[in-house]
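Q: I am new to this structure and would like to learn how to read it. Where should a reader start?

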Amino acid sequence: MSTIRVLIAGESWVTNSTHYKGWDHFSSAGYATGVTPLRNALVQGGCEVTFLPNHLADTEFPNTHEGLRAYDVIILSDIGANTLLLHPDTWLKGLPTPNRLKLLREWVANGGGLAMAGGYYSFQGINGGARYHKTPVEEVLPVTILPVDDRVEVPEGCVAEVVEPAHPILEGVDTAWPALLGFNEVTVKPTGTLLARYGEYPLLAVGEHGRGRTLAWMSDIGPHWCPEPFVQWPGYARIWNQAMAWLAGRR
């Protein structure tokens with residue numbers, strides 16, 4: 001069986017800090033990513049993983065059907081809709097470019113596997129800034145996205161309840177999960193299947209669109225919402241590798 005080819009888009013950020021010391025001040029800048037736990041888990045599980053950070057995604061995220069077909073599974077994680085909609089040729093030069101959200105919808109309909117993982121710029125995100133509500137990506141996901149800031153912070157910790165332990169994604173996974181610290185609030189569509197929840201809040205759901213499959217994981221792939229005890233838990237790698245196999249039609 002061929003290797004599952006995965007593209008992870010997003011999960012990077014640049015920070016700029018100003019430090020004040022009495023009369024004096026200076027600035028410092030930094031670059032960081034949050035992809036390491038998931039990328040390591042998938043590589044160790046045998047997947048071929050390509051990571052496309054946010055600052056490159058506006059130009060390098062595939063904008064053709066052929067480009068998308070280079071992958072079996074695409075994961076959007078902490079990457080706002082604007083980054084995919086506003087290619088620099090459109091934003092800076094005023095030129096028409098392909099709508100990559102529509103291309104993703106068509107790619108899924110033709111058999112692709114799409115996942116969205118939660119974060120401040122996933123689903124609708126902080127201040128509603130991720131902006132996936134009423135987009136072609138929402139059409140294919142198994143969840144309905146709220147039109148407002150959808151973050152739910154649970155600093156005291158929340159433990160998921162597994163709803164469908166026999167699903168191929170959760171097969172063999174301990175039903176006692178480590179605590180999470182937050183997630184994006186959504187509702188599961190009638191056509192979706194809820195796999196895990198926290199009270200009334202969905203945490204993991206899956207669905208189908210055309211010949212493709214989709215997954216929504218409402219928490220993060222790493223800190224802060226998905227803390228170290230969760231990413232170090234053996235179930236983390238098992239869930240994500242089985243999710244890749246299911247999304248790629250291998251399970």
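A: Start with a definition: two strands pair if DSSP finds at least two bridges between them. The model shown here is predicted. One such bridge joins glutamate 161 to arginine 197, its partner in β12.

Q: In which sense do β9 and β12 pair, and over how many bridges?

A: Strands of a sheet pair through backbone hydrogen bonds, either parallel or antiparallel. Here β9 and strand β12, residues 193–198, pair in the antiparallel sense, over 2 bridges.

Q: In what order do the strands of the open sheet come?

A: The order is β4-β1-β5-β6-β14-β13-β12-β9, which makes 8 strands in an open sheet with mixed pairing. The edge strands, each pairing on one side only, are β4 (48–52) and β9 (161–162).

Q: Which strands does helix α9 lie across?

A: Helix α9 covers residues 234–247 and lies across β1 (5–10), β5 (73–77), β6 (113–117), β13 (201–209) and β14 (212–217). The helix runs at about 155° to β14.

Q: How is empty space found, and how many cavities of 30 Å³ or more does the structure hold?

A: Rolling a probe the size of a water molecule over the atoms shows where empty space is left. The structure holds 1 cavity of 30 Å³ or more. The volume of the largest cavity is about 70 Å³.

Q: Which residues line the largest cavity?

A: Its lining consists of Trp177, Leu204, Leu215, Trp217, Phe230, Tyr236, Ile239, Trp240 and Ala243. Two or more of the lining residues come from each of β14 and α9. Helix α9 gives the most, with 4 residues.

Q: How does the lining of the largest cavity divide into nonpolar, polar and charged residues?

A: Tyr and Trp count as nonpolar here. The lining of the largest cavity has 9 nonpolar residues, no polar and no charged.

Q: What about the largest pocket: how much space lies in it?

A: The largest pocket holds about 180 Å³ of space. Of the 13 residues that line the largest pocket, Pro37, Ala41, Gln44, Val231 and Ala237 are the closest to its centre. The elements giving two or more residues to this lining are α1 (36–44), α8 (228–232) and α9. Helix α1 supplies the largest share, 5 residues.

Q: And how does the lining of the largest pocket divide?

A: The lining of the largest pocket has 7 nonpolar residues, 6 polar and no charged.

How values were computed. Residues are numbered from 1 along each chain as its sequence is written. This is a predicted model: local features need pLDDT of at least 70, side-chain atom pairs count only at pLDDT 80 or more; totals for chains, interfaces and linings use all residues. Side-chain values use heavy atoms; hydrogens and water are left out. Contact means heavy atoms within 4.5 Å. Axes are lines fitted to C-alpha atoms, for helices over the stretch in contact, and angles run from 0 to 180 degrees between N-to-C directions. On a 1 Å grid over the protein atoms alone, a cavity is a set of points where a 1.4 Å probe fits but cannot get out, and a pocket is an open set with protein on both sides within 12 Å along at least five of seven lines; lining residues have an atom within 4 Å of a point. Grid points are joined across faces, edges and corners, and a volume is the space filled by probe spheres set on the points.
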